[in-house]
Amino acid sequence: MQQPAVNVMVKAARAGGNVLLRHMHRLDALNVVEKDRMDYASEVDGLAEAEVIKELRRANPDYAVLGEEGGAQKGNRGVSRYTWVIDPLDGTSNYLRGFPHWCVSIALVENGEPLHGVIFDPLRNELFTATRGGGAQLNERRIRVGERRELHGAMLATGFAPRERERAGAQLECIRELLRDAEDVRRAGSAALDLAYTACGRVDAYFEAGVKPWDIAAGVLLVREAGGRVSDFRGAALGPMDARGTADRQVIAGNVRITEPLQKTIASSGYAATFAKS
């Protein structure tokens, strides 16, 4: 049985997803802004986030909110130990081009640590949910990370964040080294779905730099609750997933055995070292 908070999050995610579905056939009419170099948002991002927040606030008005579009907002009683961390449309570039791979991501974070997570893919009607200590599910069926124990034959996922283009050479060298053993590397354009797919074994591991809490908070919990491990490129624990930790970060996710050689390759290729210089 799902926790009451998860039920609220599911309702909010579906409400946001409905906004996205209603607008997907009029993409040419949407107002689009470039928030940063090659980092876009549209009016539908804001509309979806507003719908998500409305549902969450209705249930818990005292919780803080951290949204990709609206930033940090306090609850009705000021500072709260709980924060809703929201990406109303993870995969905006995909959405704006009609590429069918995007989602709504919501996490409830307690003092910086994800407590509940929901990732909803409206196009496939796939609902990923997780609760700390309670496991992870896809459409209410238990999921587990893949069992591959080495990079040989692995299917990996990654991303090329626009904010990280100065490190593109080091990243491509890392991918070249990984492809000596891995079957392939996928880049589909949604960090949240990459983590959800890692949690259910569709890909063996995922790594990316330049991500924010709203990109990964729900997905990190999914991977952990599906039996996986999550770290940064040095193998260290991730920082707080609330307004205290909005700087760009790196993430590696997968089962315990595969994340170790993946992290070592990221280091040996010189890619991890480029972050020590920043």
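Two strands count as paired here if DSSP finds at least two bridges between them. With that rule in hand, I opened the predicted model and began with the sheet.

**Entry 1, the sheet.** I traced an open sheet of eight strands, and wrote down its order as E4-E3-E5-E6-E7-E8-E9-E10, with mixed pairing. The edge strands are E4 (71-73) and E10, each of which pairs on one side only. I then looked at the E10 end. E9 and E10 pair in the antiparallel sense, over two bridges. Across that pairing, I found Gln-137 standing opposite Arg-142 in E10.

**Entry 2, helices on the sheet.** Which strands does helix H2 lie across? I found H2 (residues 43-59) across E3 (64-67), E4, E5 (82-90) and E6. Its direction is at about 150° to E5. Next I checked H6, which lies across E3, E5, E6, E7, E8 (126-131), E9 and E10. H6 runs at about 100° to E7.

**Entry 3, Glu-225.** I stayed with H6 (residues 213-225), since Glu-225 is found in this helix. Is Glu-225 buried or exposed? Glu-225 is buried, yet I found no salt bridge for it. The nearest side chain of opposite charge is that of Arg-142, 5.8 Å away. A salt bridge needs a side-chain nitrogen of Lys or Arg within 4 Å of a carboxyl oxygen, so Arg-142 at 5.8 Å does not make one with Glu-225.

What does the side chain of Glu-225 have beside it, then? One of its polar atoms lies 2.8 Å from the backbone nitrogen of Gly-133. I also listed its contacts, leaving aside neighbours within four places in sequence. They are Ala-130, Thr-131, Arg-132, Gly-133, Gly-134, Gly-135, Ala-136, Arg-142 and Arg-144. Arg-142 turns up again here, and it is the residue I had noted opposite Gln-137.

**Entry 4, two positive phi values.** A reminder to myself: most residues other than glycine have a negative phi. I looked up two that do not.

- Asn-111 has a positive phi, near 50°, and is not a glycine. I placed Asn-111 in the loop between E6 (103-110) and E7 (113-121). Asn-111 is partly exposed, with a relative accessible area of 48%.
- Glu-140 is not a glycine either, and its phi is positive at about 70°. I found Glu-140 in the loop between E9 (135-138) and E10 (141-142). Glu-140 is exposed, with a relative accessible area of 66%.

**Last jotting.** Back at E10, I have one thread to keep: this strand is an edge of the sheet, and its partner E9 leads into the loop that holds Glu-140.

Notes
Residues numbered from 1 in each chain as written. Predicted model: local features only at pLDDT ≥ 70, side-chain atom pairs only at ≥ 80, totals over all residues. Heavy atoms only, no water. Buried < 20%, exposed > 50% of the residue type's maximum accessible area, 1.4 Å probe, protein only. Lys, Arg positive; Asp, Glu negative; His and termini not counted. Polar contact = N/O pair within 3.5 Å; in protein donor to acceptor, adjacent residues only side chain to side chain. Contact = heavy atoms within 4.5 Å. Axes fitted to C-alpha atoms, helices over the stretch in contact; angles between N-to-C directions.
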